[in-house]
Amino acid sequence: MNLQLTTRHVTVSPQVQSRVEERLQKLERYYDGIINAEVILSKNNSPAEEKTVEARLDVYQKRLTATGEASNHEDAAKDCVDQLRRQLEKYKAQLRRKDKDAHR
């Protein structure tokens, strides 16, 4: 999986970047056909200054997206990865269903 990590209007420590990357790498446990992953770390301009993580995964013939917001990037990444995990499981189930129908 190719992983591209981008920050917008915020500086993020290397430790936070590595933790976000580790979380995304764990998605390969659920589906190993992830081609590309793009992650954007940013900060909202709201008074609470919540951190935002946006992620896009390219899989076979589909793009999965998720967004997470929290007080820090690590929690936002956790929310984002949880959303992507559910989407990957659903996508994988759809592929299995289509494959079984195709062989009949």
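The mean positions of the 20 positive and 17 negative charges of the chain lie 6 Å apart. The model is a predicted one. Its accessible surface comes to about 6900 Å². Carbon and sulfur atoms account for 40% of that surface. Of the 104 residues, 31% count as buried.

The chain holds two helices and four strands. Along the sequence they follow the pattern β-α-β-β-β-α. Strand 1 covers residues 2–8, and helix 1 covers residues 14–25. Strand 2 runs over residues 36–43 and strand 3 over residues 51–59. Strand 4 spans 62–70, and helix 2 spans residues 73–102. Along the principal axes, the C-alpha atoms fill a box of roughly 55 × 25 × 20 Å. Among contacts with a separation of 6 or more, 50% come from residues 24 or more positions apart.

A search of the whole structure finds five salt bridges. One of them pairs R19 with E74, with the closest N and O atoms 2.6 Å apart. R19 lies in helix 1 and E74 in helix 2, so this salt bridge ties together parts that are 55 residues apart in sequence. Both partners are partly exposed: R19 has a relative accessible area of 42%, and E74 has a relative accessibility of 26%.

A further salt bridge joins R56 to E38, and here the closest N and O atoms are 3.3 Å apart. This pair also links distant parts of the chain. R56 sits in strand 3 and E38 in strand 2, 18 residues apart. R56 is partly exposed, with a relative accessible area of 25%.

Within helix 2, the side chains of R85 and E89 meet in a salt bridge of 3.5 Å, N to O. The two residues are four positions apart, about one turn of the helix. R85 is partly exposed at 23% relative accessible area. E89 is likewise partly exposed, at 37% relative accessibility. Elsewhere, salt bridges with shared partners join E38, R56, D58 and R63 into one network.

Other charged side chains were examined for surface grouping and burial. R23, K26, R29 and K78 form a positive surface patch. K78 belongs to helix 2. Its relative accessible area is 40%, so K78 counts as partly exposed. Membership of a patch requires over 30% relative accessible area and no salt bridge; K78, at 40%, meets the area condition.

K51 gives another picture. This lysine is placed in strand 3. K51 is buried and has no salt bridge. The nearest side chain of opposite charge belongs to E49, 5.0 Å away. A salt bridge requires nitrogen and oxygen within 4 Å. Beyond its neighbours within four places in sequence, K51 is in contact with S42, K43, G68, E69, A70, S71, N72, H73 and A76. K51 thus has E69 among its contacts, yet no salt bridge is formed by K51.

Backbone geometry was also considered. Most residues other than glycine have a negative phi. H9 has a positive phi, near 55 degrees, and is not a glycine. H9 is found in the loop between strand 1 and helix 1. At 78% relative accessibility, H9 counts as exposed. Q61 has a positive phi too, of about 60 degrees, and is not a glycine either. Q61 is placed in the loop between strand 3 and strand 4. With a relative accessible area of 70%, Q61 is exposed.

Conventions
Residues are numbered from 1 along each chain as its sequence is written. This is a predicted model: local features need pLDDT of at least 70, side-chain atom pairs count only at pLDDT 80 or more; totals for chains, interfaces and linings use all residues. Side-chain values use heavy atoms; hydrogens and water are left out. Patches are made of residues with over 30% relative accessible area and no salt bridge: like charges are joined within 9 Å, nonpolar side chains (Val, Leu, Ile, Met, Phe, Trp, Tyr) within 5 Å. Accessible areas come from the Shrake-Rupley method with a 1.4 Å probe; for residues, only the protein chains shown count as cover. Lys and Arg count as positive and Asp and Glu as negative; His and the chain ends are not counted. The place of a charge is taken as NZ of Lys, CZ of Arg, CG of Asp or CD of Glu. Buried means under 20% relative accessible area, exposed over 50%, partly exposed in between (1.4 Å probe, protein chains only). Contact means heavy atoms within 4.5 Å.
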